[in-house]
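Let's take a look at the aromatic side chains here, and at who sits next to whom.

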Amino acid sequence: MDFRTACEETKTGICLLQDGAQEPFRVRLHLARDLLMVQEQDVVCVSGEPFYSGERTVTIRRQAVGGFGLSIKGGAEHNIPVVISKISKEQRAELSGLLFIGDAILQINGINVRKCRHEEVVQVLRNAGEEVTLTVSFLKRAPAFLKLPLNEDCACAPSDQSSGASSPLCDSGLHLNFHPNNTDTLSCSSWPASPGLRWEKRWCDLRLIPLLHSRFSQYVPGTDLSRQNAFQVTAVDGVCSGLIQCLSAEDSLDWLQAIATNISSLTKHNIKKINRNFPVNQQIVYMGWCEAREQDALQDRAYLPAFLALRGSCLYKFLAPPVTTWDWTRAEKTFSVYEIMCKILKELEFSNLFAVLHCIHSFFAAKVACLDPLFLGSQAAASAASSSSMSSKAKSLT
């Protein structure tokens, strides 16, 4: 069975992704029952077998009304090539499958403009003649500050802008009837035919994060500093989503709750499957990630991820989730439950001893009941005996 088709979609939305030192760029998050997909836009050839291409060559003609019918943004002053930011409604039908919003212009009639400033590209296009051959490549990670539309429905209105200053962060309309030989009235139908290949803009998978045993955090790694409206998800194999930035606090909270719900559901289901291999007195009650604070002489606060599991009468601390039975024998640390109780009671200075014991015992019993009510019933006698022994042991401590 295809792993992805078995997933049930629960949430989809647009966010920004901060990946390393790059400028944030827009991605689509696609949350399924057991998978988080981080997707970016790309242009795919749809003529025959789909494939991706780094560069495409398109030939267009200047029109008497509307010019090239394109607008551009960006430039070398922002360390990116000039990109197509709008396509006029009049030209969109002819350009369908050829040019897209977000295409970076790499060459104009063979002239390399990859590292040209915005105004330089505008001047090259104004003086390029009636027929222009563009070499383009879709800029998958266009910086968010360009504010490019996500689809082709946003069109520029035709006008005659043959002069005037242009701005790299504003749409420069290339309606450009400036060329001195531009005296003929040309129609869209006079554009040369495209070489047969057709293209389509699609959302393509950038990263796939399996949610089982994955962890997510709003905090800067190793600290207790919370990021605003941002989080990252890390899979059990170490694959990280990158820093996902939401547009609002409400949107960030919605995503965190949805991801947490799916992870919790998968964990509970996995616990029930694992418990089939363990005897009744060695059942897993709880497991999950936490942040453990380590005492570091060079740093006041140092937090590291730790995986905790409460199984039988012991609390286990792992560096990674246990997968096999053998993994349970290789825990980083193992604590007996009664030892943990003694440490907790020491902090409370043994005040209200029996009330604390009762609360802790009730908590563990409730956890077990949530996962397997039959187990609680079968352990009623054992629980009573355990409580009695704990009470006598607590008396000896006092």
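## Ring pairs

First, what makes a pair: two rings of Phe, Tyr or Trp (its six-membered ring) pair if their centres lie within 6.5 Å, and planes over 60 degrees apart make the pair edge-to-face. By that rule, the structure holds five aromatic pairs. Keep in mind that this is a predicted model.

## W289 and F307

Take W289 and F307: their ring centres are 5.3 Å apart with 80° between the planes, an edge-to-face pair. W289 belongs to strand β16 (residues 284-296) and F307 to strand β17 (residues 299-311), so this contact ties together parts that are 18 residues apart in sequence.

Is F307 buried or exposed? Its relative accessibility is 1%, so F307 counts as buried.

## F318, W328 and their cluster

The rings of F318 and W328 also meet edge-to-face, because their planes sit at 90° and their centres are 5.4 Å apart. Here F318 comes from strand β18 (residues 314-318), while W328 is in the loop between β18 and β19 (333-336), so the pair ties together parts ten residues apart in sequence. F318 and W328 are both buried.

These two aren't on their own, either: ring pairs link F318 and W328 with F278 and Y316 into a cluster.

## Arginines over the rings

Which residue lies over the face of W289? That's R215, at 4.9 Å from the ring centre. So W289 has R215 over its face as well as F307 as an edge-to-face partner.

The cluster member F278 has an arginine too: R311 lies over the face of F278, 3.8 Å from the ring centre.

Conventions
Residues numbered from 1 in each chain as written. Predicted model: local features only at pLDDT ≥ 70, side-chain atom pairs only at ≥ 80, totals over all residues. Heavy atoms only, no water. Phe/Tyr/Trp six-rings, centres within 6.5 Å; stacked < 30°, edge-to-face > 60°. Helix = DSSP H or I, 4+ residues; strand = E, 2+ residues; numbered from the N terminus. Buried < 20%, exposed > 50% of the residue type's maximum accessible area, 1.4 Å probe, protein only. Lys NZ or Arg CZ within 6 Å of the ring centre and 35° of its normal.
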